[in-house]
Structure formats: structure tokens, C-alpha cells
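This report examines one helix and one pocket of a protein. Please look at the structure below before reading on.

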Amino acid sequence: MDIQKMQFDTLLLHAGAAPDPTTGSRQVPIYQNVGYVFKDTDHAARLFNLQEVGYVYTRLTNPTVAALQERIAHLEGGAGAVACSSGHAAQIMALFALMRPGDNIIASNRLYGGTVTQFTHTIKRFGWSANFVDTENLRALEAAADENTKAIFCESIANPGGYVTDIPALAEIANRLGVPLIVDNTGATPYLCRPIKQGAHIVVHSTTKFMTGNGTSLGGVVVDSGTFDWSAVAGKYPSLAEPDPAYHGLNFHETFGTLAFTFHGIAVGLRDLGMTMAPQNAFQTLLGIETLSLRMQRHVENAMKVAGWLDTDHRVESVSYAGLPSSAFYSRVQELYPLGAGALFTFAVKGGYEACVKLVNGLELFSHVANLGDSRSLIIHSASTTHSQLTDEQLIAAGALPSVVRVSIGIEDAADLINDLDQALTKATQ
Ligand SMILES: *Cc1c(COP(=O)(O)O)cnc(C)c1O
């Protein structure tokens, strides 16, 4: 059966997972090894010079990790994918191929707190910078670009403010500017959103979250659509479209075409930055992905029930969930995210900061955890934790006000989640 014709739910189980050629093992084996025996010195030389594709050393390639890369590339509709040790590593990896010192990106001001910190402070040490803009203001977004702008970066379903991005509108601007649109699809997963179909050029993930779904394994991935023309403007993306001295002057775009970005990610990114995903983690993530559709359906169903209940509760000030008809982004969800707005949202408790702290401490079933996308329901007070390094202005933009808590709704029975919130809200507001 042609894999290109398979439906999403079939790909979850079968993409990248042919029976093991040596043993017939039906499940993808964990290749817990570092080196691979070369056939002879010629074979080794060809592999080292990228004249032949094969396994050299697990920092670059590993069969278990390769199975995951292939599966996620299919799920996102991309040409290729590179797995990384974490979501944050995937972001650096995506930018590494595009940026030179002095270059910048335009970034949404509604991003995961850790990403805001990475883009505000850490990337400066590479000589890169980020221009944060409100992605609802398309004119300001386009105006923020200059001749050193090399990408636009946003999240599909943004964490934590109940915001969903108009990816087609951003892709149109990216195309006009001649830069790739990079979408962090962690909050949506390819079940709820396929950014490449909506015009994005590159997708990044923290597979740590919904993709793995069980809270066991850090991981990230960069997926390339294969649609961006790295050679369109001479000198703009030299890592991809000019001779690479470390590979005897090889030009990745010329040599690998639609796989240039992916090959560069493995042959240069993983080789030199070393942010490799461990085979064991790739295995856990492959297992998690098998049930992605089933889990996401339940995540969304539960999020709708819990958000709907909170929205009518007198102890709750407001609920920011794009799945609720009261959300400003509800019509965009219907159009661009028809299977739902995910399972992350924030709500404000009457009584402000104090009440939020009491609520978090009073919950029994929800876990107070700095994670999201687990099968278990999680809660966190973003302003004092994940977003504590942000300025007040950044907190407001991210929807992480001091009076707001963020929940990641799990796949338990929704009635139990509502009961837990009910008892904790009583403690928090009496
Ligand atoms: C968690 C997260 C990241 C970072 O991923 P790690 O796997 O923790 O490094 C990036 N983006 C979003 C949206 C996230 O939720």
C-alpha cells in the first residue's frame, strides 16, 4: 500500500515502522548503539562525504530515531524531519541553518515562556536577535522585517493565552518577504493542525508534550516542508545554498534539493551541535504517537467540558480558551482548527494572585507541574514559574497575568476533573 495515500490514523502506527529487516520484529526496536560497522574503507569514505546515505554514528543517525523522523515527517506532510534532544534544541537547530551573526527573526509575542527567554537573551550570544510583534497586527509584522530578517516564528495554538494563530496570513507575509515561516506546533500536534498545509515552511515540536503524551521523554523535532527555495536570493541562506568547506565545497540545496534543510540538520546541525535524541526516547515517542488521535480527541473533549464549566462558575473571573464561543478566536478555530482548540488554557480566579496560589495548593487530582500535554491533568501558575523571567509587558502579551492559572487538561474522566476544581475553588475563594 502506498504510504502517500494512507490516512492520518494509519500513519500514526505505520509510517516509518516497517518490520525490522533483520529479525522481523513488528515493533520498532531500540537500537541502543553508537557505532555501525562499515563494509570497507570505500563505504566509510562515501558515508563520510555524504555520497551515500547510511549509518555512521548515533550522534548523526540511528535507526530508532530515523523511524520517528520518518513518522513525524509523514504526519506533518513534510519532506523530511530531524529529531533533537528537546523542543528547545529543535528551535536552535531550525534557526542554525538560516542565521548568521547579525541576522534576526520576527517572533510572535505570544510564545511559550522558555522560548521568549531563549529568543530574548540566549540567541544574542550567537549574534542573532528576535523582533517580537503582535501577530494579530499583520501590518506591524511585515513592517518589522529588514534585510537581515531570515524567518518568522510563531506557535499554532499558543501557550498559554488561549490564542490560535492565523497561519495562512503569516505564510503570505513570509512569502512576500522571501523568508520561511516556522511554526511551533507543540500545542496543536498534527492531529489538530498541519501548518505546512496552511503554508508554513518549517515546523518545530517539543515532542516532550502531547506527541509522547506520557511525560516520560524529552524530545524535539524539526520538520521541513521542502517547499522553500533557499537559492532564490544569492547569499541569503549561505549555509544551505553556498559551498560548505567542511564537505569539500558541497552545496546542500544543489545536491539534496527538497531535502537540503533536513540533510544540513543532520550532517552539520547534529554533527556539530550534538543535540541528538536518545534512541530510548525516540522509542517512547513512537509509542506515544500510536495513540495521538485517540488522546487528542479526549483532550479536546475534556477541555471543552472543563472550560465550559469554569466559564459559568461564579468564582471564576474569566476563561481564555479559543474553543469557547466567547473567545475572540472562536471563528478562526472553526475555520483553521476544526478538530478543536487543544487542551491548554488559562483562567482567572476571583481574588487574584492569592486565590490562584490557594487554588493550585488545594487541587488533589491535578498535578502542579512545569509541563504540559501529559495524559494527566496539570496546572501551573505561569506568572510565578514558567513565565517568571518575563517582564510585565511580556506577561500581558503572553496572557500569563498574576491572577491567571494555566491548565493542561488530561484524558481522565472530565467529571473528576470538574469535582477537583470545584473543591479547590471553594478553598481558594472562601
Ligand atoms: C515545552 C515547549 C517547548 C520547549 O520544549 P522542551 O522539550 O521542554 O525543550 C517549546 N515550545 C512549546 C510550545 C512548548 O510547550
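Against which elements do the buried residues of helix 17 pack?

## Basis of the report

The model is predicted: local features need pLDDT of at least 70, side-chain atom pairs count only at pLDDT 80 or more, and totals for chains, interfaces and linings use all residues. Residues are numbered from 1 along each chain as its sequence is written, and side-chain values use heavy atoms, with hydrogens and water left out.

## Helix 17

Helices (H or I, at least four residues) and strands (E, at least two) are DSSP runs, numbered from the N terminus. The buried residues of helix 17 pack against helix 13 (292–312), strand 10 (316–320), strand 11 (344–349) and helix 15 (352–362); contact means heavy atoms within 4.5 Å.

The residues of helix 17 that are buried (under 20% relative accessible area, 1.4 Å probe, protein chains only) include Ala 414, Leu 417, Ile 418 and Asp 420. The buried residues cover an arc of only 160° around the axis, which puts them on the same side of helix 17; this arc is that of the directions from the helix axis to the C-beta atoms.

## Gln 91 in helix 4

Gln 91 is found in helix 4. With a relative accessible area of 3%, Gln 91 is buried. Leaving aside residues up to four places away in sequence, Gln 91 touches Thr 115, Gln 118, Phe 119, Phe 153, Asp 184 and Val 204.

Helix 4 (residues 87–96) also gives the most to the lining of the second largest pocket, with 3 residues.

Notes. Buried < 20%, exposed > 50% of the residue type's maximum accessible area, 1.4 Å probe, protein only.
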